[in-house]
Amino acid sequence: MRQQTVAVVGAGSSGLSMLKTLRDDGFKVTCYERRSQVGGLWAYTDDQTMTTALPSTSANISKYTCGMSDFPIPDKYPHYLSQAEFQEYIESYATHFDMHKDIVFNALVKQASRNQDDSKWRLELIVDGESRIVEYDKVAFCHGYQTKAKMPDFEGAENFEGKILHTQQFRMSDEFKGKKIVVVGVSSTASDILALLLPVASKVYMSHRRGALIVPKFRKGFPPDLMSNWRRRQIFSFLQRTFPRVSRWLVDKLVALMIKQMYGDLDPAWGLGTPPSLSLSPRALNENIIPSLRDGSLTSLPGIKRFVGPRSIEFVDGTVLDDIDAVICATGYLADFSMATFLETSRPSNYGGPDMTRLWMNLFPPRYADSMVMLCHSALGKNNGFSFSDVTSMAVSNVWRGVYPMLTVKEMDRHIDSHQDWVASRWRLDNNIDTSMVKTWEYQSFLHEAAGTGMENLGWGWKGWKFWFQDPKMSYMMNHGVETAHAFRYFETGKRKAWPGAKEAIIHMNELVKMFPIKDEKEK
C-alpha cells in the first residue's frame with residue numbers, strides 16, 4: 001500500500017506534535033512554517049503581521065501542568081516559563097525527535113484546494129519568496145487560533161492622528177516613552193502590555209466594557225492550575241453536562257469568592273465587578289492590573305464610544321480624554337480560514353452573531369474529514385493547549401488510520417447543527433462569547449476516546465476499580481495529583497504508543513509540587 005502523504009501547516013506545539021505523531025504512525029509528513037524557526041507564537045519575531053509572545057511575556061500556565069506527553073519540561077525552568085524559555089523547550093523537543101529534517105521554514109500557505117481529479121489536496125505556497133505548488137493526500141492546519149487580529153471598528157477613528165494598533169503589532173520601543181496611552185481590553189495580553197508601558201509612559205488608561213476574571217499567578221502560594229486535577233475535572237464535566245445552570249452558578253460563585261479572598265473589595269469605579277461567567281469566557285491571568293489600579297498608576301475607564309478629534313477620545317460614560325498618543329487594542333483574535341475557502345458556514349435560528357464554520361468537533365470539515373483537519377478554531381473548553389496537543393494529534397491520526405470509526409457525513413452534519421444550536425444558546429446568555437467554544441465534556445471525551453489514552457482507567461467504572469486494585473498509589477496520584485500530560489501516555493491501549501517514562505515523570509512532577517505553598521509574599 002502506498003504511503004500516505006500529509007502536509008502539516010505550522011510548527012508550534014500543535015504542529016510539531018502532529019508531525020511527530022503522524023510520522024510515527026506511518027505517514028510521510030512535511031511541515032510548513034512561515035517563521036524561520038519552530039515555536040509558533042513563542043518564537044519571537046519583529047514581523048508585525050505575526051502574533052508573537054513578547055520577550056517580557058511569561059506563560060499563564062505553570063510548568064507542572066504543561067509540556068508534551070513524552071517530553072517533560074526540565075526542572076531548570078521557573079514555575080512559569082518566559083517566552084525565550086518556552087521557545088527553547090519547543091526547539092529542544094523538535095531536536096530530540098529529529099523533526100527539523102521534515103520542516104520547510106519561511107513557507108506561507110496561501111490556499112488549499114482539491115486538485116483537478118479530486119484525488120489530492122493542492123497547496124499554493126510561497127517559500128523563501130518564491131511561489132510553489134505541492135500536492136498531498138491529507139492536510140493538517142495547525143497554525144493556531146491567535147493568528148487573525150480582531151480589531152474594533154471605532155467611530156471617528158479616521159480623524160485620530162495618534163497611533164491605533166492591535167497587540168499583534170505591538171513591539172516595545174522608545175516611541176511609547178512619555179506618551180499618554182489607552183489600552184483597550186482586560187486580558188492576559190493586556191496585562192503584559194501594561195507591565196511594559198506603566199514604567200515609561202506618562203499616563204496609561206485601561207478601557208473595557210465589562211468586568212473580567214482576573215487571577216494572579218499564585219494563590220495562597222500555589223499556581224492556580226494546581227487546583228485542578230483529573231477527578232475534579234470529571235466531576236465538573238458531569239455537572240456541566242447534567243446540570244448546566246447549576247454548574248455555571250456554582251463556578252461563578254466560587255470564582256467570585258476566590259477573587260474577593262485574593263483582592264478584597266474592588267473599587268466599583270474600576271468597572272471590574274460582575275465578570276463574565278467562566279463557562280462563557282476565559283480568565284485573565286496577570287499580576288499587574290489590580291495593584292496598578294490601587295496605586296493610581298493605571299486608570300480604568302469604560303469602553304470607547306468614539307474618537308472626537310485628532311487626539312481626543314470620548315468614552316461611553318461621557319468622559320473625554322485629550323492629548324492621547326496611542327490606542328493599543330488587546331481585543332483578541334479570530335480563526336483564520338482564509339486559505340480554506342472550501343469550508344462551509346451556517347447560522348442557527350434565534351442567533352445574531354457571526355456565521356459559524358461547519359466543522360465536526362470544531363476540527364473536521366464533514367466532506368473531507370478523512371483528509372483535512374483544522375486545529376485553528378477551538379479556543380474555549382479544550383483544556384491546556386500544550387498538554388492537549390498530543391491528545392489531539394493522536395486522535396487525528398487514529399481517525400485517519402481507521403483506528404477510530406468515523407461518522408458518516410450526514411451524522412457529522414447533524415452533530416454540527418446540534419452543536420451550533422448549543423453555541424447559539426450560549427450567545428443568548430452573552431453575545432461577546434467566542435463562537436469557537438466547545439462543550440468541554442464532549443470535546444475532551446471524544447479526543448481521549450479517539451486517541452486511545454486509556455484515561456477511562458481513572459473513572460468510576462470497572463476499569464477504574466481494576467486499576468485501583470492493581471496500583472492504588474498510582475491510581476490516587478493520577479486522579480488527585482498534578483494534572484500532567486504524561487498521564488495520556490501511561491496506559492497501554494494498543495491505539496497509540498505508550499511512553500515507558502510516563503510513570504516516572506508523573507511521580508516526579510507530583511514530588512516537585514510538594515514545595516508549595518511558597519511563603520514568599522511576592523509569589524502569592
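**Exercise 1.** How many bridges join strand β16 to β17, and do the two run parallel or antiparallel?

*Solution.* The model is predicted. Start with the pair itself. Strand β16 covers residues 313-315, and two bridges join it to β17. The two strands run antiparallel. Next, take one residue: Glu314 has Val320 in β17 as its bridge partner. Now widen the view. The open sheet has three strands in the order β15-β16-β17, with antiparallel pairing. β15 (304-307) and β17 (320-321) are the edge strands, each with a single partner, so one side of each lacks a neighbour in the sheet.

**Exercise 2.** Decide whether helix α9 is largely enclosed by the rest of the structure or not.

*Solution.* First, the geometry. α9 spans residues 440-451 and has 12 residues. From first C-alpha to last it reaches 16 Å, close to the expected 16 Å. Second, apply the cut-off: buried means under 20% relative accessible area. Residues that pass include Trp441, Tyr443, Phe446 and Leu447. Third, conclude. Nine of the 12 residues are buried, so α9 is largely enclosed by the rest of the structure. Just after the helix, Gly452 takes a positive phi of about 70 degrees.

**Exercise 3.** Classify Asn106 and Asn350 as buried, partly exposed or exposed.

*Solution.* Begin with the backbone. Asn106 has a positive phi near 55 degrees, and Asn350 also has phi near 55 degrees. Locate each. Asn106 lies in the loop between β3 and β4; Asn350 lies in the loop between β20 and β21. Exposed means over 50%. Asn106, at 34% relative accessibility, is therefore partly exposed. Asn350, at 60%, counts as exposed.

Methods
Residues are numbered from 1 along each chain as its sequence is written. This is a predicted model: local features need pLDDT of at least 70, side-chain atom pairs count only at pLDDT 80 or more; totals for chains, interfaces and linings use all residues. Side-chain values use heavy atoms; hydrogens and water are left out. Helices (H or I, at least four residues) and strands (E, at least two) are DSSP runs, numbered from the N terminus. The expected span of a helix is 1.5 Å times one less than its number of residues. Buried means under 20% relative accessible area, exposed over 50%, partly exposed in between (1.4 Å probe, protein chains only). Two strands pair if DSSP finds at least two bridges between them.
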